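Thank you all for coming. I would like to take you through one structure this morning, going first to some strand pairing and then to a pair of helices, so please bring it up on your screens.

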Amino acid sequence: MNIRINDRSNVMESNKRISSQSDTITDISLSKILLGYQHFRFNRPHLYTSMRKSVKRYGQITPVVVVRSYTIHGSYELLDGFKRYHALNDLGKDSIRIHIVKLGIHASKVAIIDFNKAHGSISALEESLIVKSLYREDKLNQVEIGVLFGKHKSWVCRRISLCEHLIDEVIEHLRLGLICMSVAMELNRLPRCNQEKALASVVKHRLSSRETHKLVSHLLSSPHWEHDNFLWLPLIILEEREPPRDTKKTKDTLTQLVKSLDRILKISIENCFQAISDNVDFIPLLEKKITDTIYHLTGLHTHLKES
């Protein structure tokens with residue numbers, strides 16, 4: 001048990017060193033980075049797109065966190081910074097800045113959670129995959145895993161149950177970014193035997209998280225012999241969708257309204273200057289023009305809501 005406690009201490013110490021940037025930082029070839037822990041993380045396309053734009057514009061600002069590989073000499077296992085790694089690779093870069101930490105195999109898995117927990121970039125389901133790996137693959141018991149994370153064994157039990165209740169297809173869709181986390185959590189409400197067909201319906205009809213909630217709730221409240229027909233065509237959900245907007249028509253109308261508003265403002269300013277030059281009290285005139293402008297802005301807002 002002392003070994004487990006020491007592992008936890010090593011993770012906490014590594015976090016302190018990373019925050020103070022006092023440990024080993026260097027540049028290495030991208031080819032020396034191993035992605036053995038990548039299957040614990042899910043692809044989030046919108047976050048990756050933002051990261052890629054940042055790396056393209058500013059370069060790599062923060063080093064990725066790695067640990068020396070125990071299997072391939074001279075290589076490093078990536079613990080934190082998968083989006084930065086893929087962005088650099090996609091942009092054709094040859095090197096990457098790394099921050100090397102000294103951790104064992106168990107502590108490395110714990111560190112993946114600890115490095116991301118502070119800024120909320122790791123989900124409960126990703127945590128559960130790591131906990132499950134320690135339990136099923138590394139053969140640690142729940143008490144030992146709890147010590148590693150500084151948690152009670154009941155937390156460990158809940159995390160293991162979370163991912164083991166989901167079928168592999170749902171988890172794989174999450175990894176690939178084909179569904180979002182909230183959709184997966186909705187599917188997790190279903191028995192495992194019903195999740196595959198429900199997932200197929202979600203993907204086929206491109207259901208949102210809200211729509212998936214309705215689909216799952218309907219399945220849970222309806223007899224099982226109705227499920228196949230409902231999943232094949234969930235009309236009660238699809239009929240609630242709003243028709244797609246005519247974006248070109250909306251854009252053309254918006255352009256006309258903005259031009260009209262621009263003319264009103266120019267005329268208002270010209271009238272005010274004319275009133276000043278004629279030594280006329282322009283305050284009432286200005287108030288009227290402002291009222292007219294507000295009226296047209298209100299009409300523009302109403303049109304945008306309806307279009």
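Which residue of S4 does valine 65 stand opposite? Before I answer, please keep in mind that what we have here is a predicted model. The partner of valine 65 is aspartate 80 in S4, and the setting for that is the pairing of strand S3, residues 64-68, with S4, which runs in the antiparallel sense over four bridges.

S4 has another partner to consider, since strand S2, residues 33-34, pairs with S4 in the parallel sense over two bridges, and there leucine 34 stands opposite glutamate 77 in S4. As for S4 itself, which covers residues 76-80, the strand is mostly covered, with five of its five residues buried.

Let me now turn to the helices. The axes of helix H5, residues 124-137, and helix H6, residues 142-149, come within 10 Å and cross at roughly 135°. Angles over 145 degrees would count as roughly antiparallel, and 65 to 115 as roughly perpendicular, so at this crossing angle H5 and H6 are oblique to each other. As to handedness, H5 passes H6 in a right-handed crossing.

On the H5 side, the contact is made by Ile130, Val131, Leu134 and Tyr135, while H6 contributes Gln142, Ile145, Leu148 and Phe149. Sorted by class, that contact of H5 with H6 has seven nonpolar residues, one polar residue and no charged ones.

Definitions and conventions:
Residues numbered from 1 in each chain as written. Predicted model: local features only at pLDDT ≥ 70, side-chain atom pairs only at ≥ 80, totals over all residues. Heavy atoms only, no water. Axes fitted to C-alpha atoms, helices over the stretch in contact; angles between N-to-C directions. Parallel < 35°, antiparallel > 145°, perpendicular 65-115°, else oblique. Left-handed = near helix turned anticlockwise from the far one by under 90°. Contact = heavy atoms within 4.5 Å. Nonpolar A, V, L, I, M, F, W, Y, C, P; charged D, E, K, R; others polar. Buried < 20%, exposed > 50% of the residue type's maximum accessible area, 1.4 Å probe, protein only. Pairing = 2+ DSSP bridges.
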